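Colleague: Got a minute to go through this model with me? I'd like to start with a loop and then work outwards.

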Amino acid sequence: MSHLHIDDFSHDVARILMQAYASFPRPGALYVEDIIGPTEVDDVGLHSSRHMACLGAMLWLAEEGWLRYEATIFQEGIEQAILTNKAFVVLTAISQLRFEQPDPSLPATVKHEKATLAEQFLQAIRARDSVRTTAVVRYLLSRQPEPVQAEEFADLLKPEDNPPFATEDGF
């Protein structure tokens with residue numbers, strides 16, 4: 001049995017987070033129609049179950065600590081939405097889950113960016129691949145922010161600019 005609602009949820013989560021990521025750190029409105037496209041209301045003015053599921057994904061992400069927002073915009077979306085620290089740290093971390101390796105001829109800064117979880121989301125969205133999108137979403141949702149080690153950025157510094165890394169006490 002296919003679980004299409006999980007595929008829809010995964011696509012919604014990916015697009016919601018990437019829309020918030022694209023405007024970070026500026027809070028902004030997230031509209032259901034921007035995530036899933038226009039939907040029709042029924043004869044009594046109720047939104048489709050697909051529309052409500054997308055709104056539910058937005059609210060769930062907030063309840064689980066991935067987004068903050070100030071209020072709902074009726075049933076159209078959420079306003080003043082912004083990624084939480086947890087979401088920002090996890091999305092910008094180097095991902096162990098990679099479907100494509102960055103071109104080795106790219107500059108170190110570009111290779112570093114292409115290895116982040118946010119880039120994995122963007123690649124999955126561009127590929128329109130449900131299996132890949134679901135995998136990236138499940139990977140994200142199973143993550144907790146971890147301290148970023150200075151060594152992660154060693155390849156971004158020129159050898160002459162590469163100071164010794166600080167000790168645990170910060171000195």
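**A loop residue, then the helices**

Modeller: Sure. Thr-84 has a relative accessibility of 9%, so Thr-84 counts as buried. Keep in mind that this is a predicted model.

Colleague: OK, and where is Thr-84 found?

Modeller: Thr-84 sits in the loop between strand E4 (77-83) and H4.

Colleague: What does Thr-84 touch, leaving out residues up to four places away in sequence?

Modeller: With those left out, Thr-84 touches Gly-65, Trp-66, Leu-67 and Arg-68. There's also Pro-25: it is 59 residues from Thr-84 in sequence, while the C-alpha atoms of the two are 9.6 Å apart in space.

Colleague: Let me zoom out for a second. How many helices and strands does the protein chain have?

Modeller: Seven helices and four strands. Starting at the N terminus, the elements go α-β-α-α-β-β-β-α-α-α-α.

Colleague: And what share of the residues is buried?

Modeller: Buried residues are 33% of the 171 in the protein chain. As for contacts between residues at least 6 apart in sequence, 54% of them join residues at least 24 apart.

Colleague: Switching to charges. How many salt bridges does a search of the whole structure find?

Modeller: Three. One of them is Asp-8 with Arg-50, where the closest N and O atoms are 3.6 Å apart. Asp-8 is in helix H1 (residues 4-23) and Arg-50 is in helix H3 (residues 49-63), so this pair ties together parts that are 42 residues apart in sequence.

Colleague: Are those two buried or exposed?

Modeller: Neither, really. Asp-8 counts as partly exposed at 31% relative accessibility, and Arg-50 counts as partly exposed too, at 25%.

Colleague: Which residue forms the other salt bridge with Arg-50?

Modeller: Asp-12, with the closest N and O atoms 2.7 Å apart. That pair also links distant parts of the chain, since Asp-12 is in helix H1 and Arg-50 in helix H3, 38 residues apart. Asp-12 has a relative accessibility of 2%, so Asp-12 counts as buried.

Colleague: And what about Arg-126, which side chain does it meet in a salt bridge?

Modeller: Arg-126 pairs with Glu-119, at 3.8 Å from N to O. Arg-126 is exposed, with a relative accessible area of 57%, whereas Glu-119 is buried, with 6%.

Colleague: Which residues are joined into one network by salt bridges that share partners?

Modeller: Asp-8, Asp-12 and Arg-50.

Colleague: Back to H1 and H3, then. How do you describe a pair of packed helices?

Modeller: You give the angle between their axes and the distance between the axes. For H1 and H3, the angle is about 55° and the axes are 10 Å apart.

Colleague: Why do you call them oblique?

Modeller: Angles under 35 degrees count as roughly parallel and 65 to 115 as roughly perpendicular. At about 55°, H1 and H3 are therefore oblique to each other. Their crossing is right-handed.

Colleague: Which residues make that contact?

Modeller: From H1, Asp-8, Phe-9, Asp-12, Val-13, Ile-16 and Leu-17. H3 brings in Arg-50, Ala-53, Cys-54, Ala-57, Met-58, Trp-60 and Leu-61. Sorted by type, the residues of this contact are 10 nonpolar, no polar and three charged. Asp-8, Asp-12 and Arg-50, the ones in the salt-bridge network, are all on the contact list.

Colleague: Nice. New topic: H6. Which of its residues are buried?

Modeller: In helix H6 (residues 117-127), they are Leu-117, Ala-118, Glu-119, Gln-120, Phe-121, Gln-123 and Ala-124. So Glu-119, the salt-bridge partner of Arg-126, is on the buried list of H6.

Colleague: What do those buried residues pack against?

Modeller: H1, helix H4 (85-92), helix H5 (108-114) and helix H7 (130-141). Right after H6 comes Arg-128, with a positive phi near 50°.

Colleague: Last one: Lys-114. Where does it lie?

Modeller: In helix H5. Lys-114 counts as partly exposed, at 30% relative accessibility.

Colleague: And what does Lys-114 touch, again not counting residues up to four places away?

Modeller: Pro-102, Leu-106, Glu-119, Gln-120 and Gln-123. Its C-alpha atom is also 8.7 Å from that of Ile-94, which is 20 residues away along the chain.

How values were computed:
Residues are numbered from 1 along each chain as its sequence is written. This is a predicted model: local features need pLDDT of at least 70, side-chain atom pairs count only at pLDDT 80 or more; totals for chains, interfaces and linings use all residues. Side-chain values use heavy atoms; hydrogens and water are left out. A salt bridge is a side-chain nitrogen of Lys or Arg within 4 Å of a carboxyl oxygen of Asp or Glu. Helices (H or I, at least four residues) and strands (E, at least two) are DSSP runs, numbered from the N terminus. Buried means under 20% relative accessible area, exposed over 50%, partly exposed in between (1.4 Å probe, protein chains only). Axes are lines fitted to C-alpha atoms, for helices over the stretch in contact, and angles run from 0 to 180 degrees between N-to-C directions. Angles under 35 degrees count as roughly parallel, over 145 as roughly antiparallel, 65 to 115 as roughly perpendicular and the rest as oblique. A crossing is left-handed if the near helix is turned anticlockwise from the far one by less than a right angle, and right-handed if clockwise. Contact means heavy atoms within 4.5 Å. Ala, Val, Leu, Ile, Met, Phe, Trp, Tyr, Cys and Pro count as nonpolar, Asp, Glu, Lys and Arg as charged, and the others, Gly among them, as polar.
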